[in-house]
Amino acid sequence: MAYKIKNDCNGCGACEPECPHAAIREGDVIYVIDTEKCTECVGSYPSSKCAEVCPVGAPAPDPRHKETKEQLLEKWCRIHPGETPKVF
Ligand code: SF4
Ligand code: SF4
């Protein structure tokens, strides 16, 4: 399931450099996540980096973008062709 940044975001920018897929960018009001690139950190880290570093708990799973672990790993492989995802 891709993550989404909730309106609680204060725009601090701490999450942006932590994403292994450069899926986070500054939006007009709050930071936003590209669902096509977010794997919930599956394949890169044991837990979601953006949620870990956010001081206000703004990143959260987006129920409108439900994906299985297998689908998230397939997405990871599309983003990193020729590389092998980490399994935790
Ligand atoms: S959950 Fe991971 S892959 Fe998704 S936006 Fe956050 S840091 Fe990036
Ligand atoms: S770390 Fe949290 S508060 Fe800071 S920009 Fe990212 S989502 Fe917003």
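For my sorting of lining residues, Ala, Val, Leu, Ile, Met, Phe, Trp, Tyr, Cys and Pro count as nonpolar, Asp, Glu, Lys and Arg as charged, and the others, Gly among them, as polar.

**Entry one: setting out.** I am working from a predicted model. I wanted to know where empty space is left, and rolling a probe the size of a water molecule over the atoms shows that. How many cavities of 30 Å³ or more are there? I found two.

**Entry two: the second largest cavity.** I began here, with a volume of about 70 Å³. I noted its lining: I5, C9, N10, G11, C12, G13, C15, Y31, C54, V56, A58 and P59. Which classes do these residues fall into? I sorted them into nine nonpolar and three polar, with no charged residues.

**Entry three: the largest cavity.** Next I looked up the largest cavity, which holds about 100 Å³ of space. I see 16 residues in its lining, and C19, I24, C38, C41 and C50 are the closest to its centre. I sorted this lining into ten nonpolar, three polar and three charged residues.

**Entry four: ligand 1.** Which space does ligand 1 take? I traced ligand 1 to the largest cavity. I then looked at its surroundings: 13 residues lie around ligand 1, and C19, H21, C38, C41 and C50 come nearest. Eight residues of this shell are nonpolar, three are polar and two are charged.

**Entry five: a look back.** I can now place C19, C38, C41 and C50 twice: they are among the residues closest to the centre of the largest cavity, and among those that come nearest to ligand 1. I also keep I24 in mind for the cavity centre and H21 for the ligand.

Terms used. Residues are numbered from 1 along each chain as its sequence is written. Chains are lettered from A and ligands numbered from 1 in the order in which they are written. This is a predicted model: local features need pLDDT of at least 70, side-chain atom pairs count only at pLDDT 80 or more; totals for chains, interfaces and linings use all residues. Side-chain values use heavy atoms; hydrogens and water are left out. On a 1 Å grid over the protein atoms alone, a cavity is a set of points where a 1.4 Å probe fits but cannot get out, and a pocket is an open set with protein on both sides within 12 Å along at least five of seven lines; lining residues have an atom within 4 Å of a point. Grid points are joined across faces, edges and corners, and a volume is the space filled by probe spheres set on the points. A residue is near a molecule or strand if one of its heavy atoms lies within 4 Å of it. A molecule sits in a cavity or pocket if more than half of its atoms lie within 2 Å of its grid points.
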